[in-house]
Amino acid sequence: MRRALRLAEKGRGRTSPNPMVGAVIVARREIVGQGYHHRAGEPHAEILALDAAGARARGATLYVTLEPCCHTRKRTPPCVPTLIHSGLKRIVVAMPDPNALVKRRGVARLRQAGIEVSVGCLGEEAERLNEIYVHWVRTGRPFVIMKAAMTLDGKIATANGQSKWISGEEARRQVHRLRSQVDAVMVGIGTVLQDDPQLTARLVDRHARQPLRVILDSRLRIPLRARVLSQARQAGVLIATTRHAPPSRIAALKQRGAEVLILPAEHGNVSLKACLTTLGRQGITSLLLEGGSEVNASALRSGLLDRLQLYVAPALLGGQDAKGLIGGASPASISASWPLNDLQVQQVGKDLLIVATPQNKSTTRSRRKQ
């Protein structure tokens, strides 16, 4: 199963909105077939492993990291009928598929066909591997990672907005790799006006997958010459706005190749929850939040953050007027602070990377494997 999990990992950043899945077929203690899901719309891991095994699959054992699918509401045929007719004797499944169209049904059909099935081998590892998919299925919203570069005293920019470059080259390269692995990158209009970013994955392979760039802009103040719009037809741009946006600006932005989404307002700004829910419906399973302090504060207070990824530079900026990581008003007491769990710290070049999980989990709704 560990080999199947390592194979599944090879699909990271490419299978969305599907999960990463790996499969290994063993006969007489020898691996006779293996495979992993490369991307949505292409064959699933189990089918690739069966193709590799051929006739040697008869009487063998299949190790697969996720429950095989059994429904037809997707681009590829269901795996369960093929597995039933393959001659496999036993199937070991790491975890059930949380998708309501599959959950335990795939296992039940395999058992009804006389195949021995066991579930739970390295299940925790499998769920960690596919935490993004599991979150999207259970909540209907993308898994949100808040990324920020800050000084040791928690500042992300000077008082006049300068932030280039707080983090070092190795940290920036890692962020570009992360951009290539998520479905979308989000910033607020303030970041666009101040930094004019491209929000693309550049410091990685030139064939890197590009994320959808999402801009929160309640009144469509984005300049038509903004760099994020210059590649709108090659790397998608979605601008989330409100009914206060001028129709002429909507038309102009659409002409530039951007998608404009009109959403409810909350305290005068685009409702972040409405935006994430809409993105989830569009199949966006993961999102990298690279906003400024106010967008960070909105996400944290709304309970919509799933992970923090903070690059801490060995420098002090100081100043009450410098921009802190989290904007808005301070809570009245220390007891109102946000607890963080699962802290991990590592060195990335000259910087420290701190990864943590805020205590704000909630689960609802469902999505399906495609």
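**Group meeting: a helix, a sheet and some cysteines**

Let's start with helix H4: its buried residues pack against helix H3 (79-84), strand S4 (90-93) and strand S5 (116-119). Before I go on, please keep in mind that this model is predicted.

Which residues of H4, residues 105-112, are buried? They are Gly 106, Val 107 and Leu 110. These residues cover an arc of only 100 degrees around the axis, so they sit on the same side of H4. Here is a handy thing to remember: an α-helix has 3.6 residues a turn, so residues three or four places apart point the same way. After H4 comes Gly 114, with a positive phi near 95 degrees.

Now to the sheet. This one is open and has nine strands, in the order S11-S10-S9-S8-S14-S6-S15-S18-S17, and the pairing is mixed. At the edges stand S11 (259-262) and S17 (340-348); each has a single partner strand, so one side of each is left without a neighbour in the sheet. On average, neighbouring strands here are turned by 20 degrees against each other, direction ignored. If we look at S17, we see that it pairs with S18 (residues 351-358) in the antiparallel sense, over seven bridges. Leu 340, for instance, has Pro 358 in S18 as its bridge partner.

Last, the cysteines. How many disulfides does a search of the whole structure find? Zero. For Cys 70, the nearest cysteine sulfur is that of Cys 69, 7.2 Å away. Cys 70 is also buried, with a relative accessible area of 14%. For Cys 79, the nearest cysteine sulfur again belongs to Cys 69, at 3.8 Å, while a disulfide needs the sulfur atoms within 2.5 Å. Cys 79 is buried too, with a relative accessible area of 1%.

Key:
Residues are numbered from 1 along each chain as its sequence is written. This is a predicted model: local features need pLDDT of at least 70, side-chain atom pairs count only at pLDDT 80 or more; totals for chains, interfaces and linings use all residues. Side-chain values use heavy atoms; hydrogens and water are left out. Two strands pair if DSSP finds at least two bridges between them. Helices (H or I, at least four residues) and strands (E, at least two) are DSSP runs, numbered from the N terminus. Axes are lines fitted to C-alpha atoms, for helices over the stretch in contact, and angles run from 0 to 180 degrees between N-to-C directions. Buried means under 20% relative accessible area, exposed over 50%, partly exposed in between (1.4 Å probe, protein chains only). The arc is that of the directions from the helix axis to the C-beta atoms. Contact means heavy atoms within 4.5 Å.
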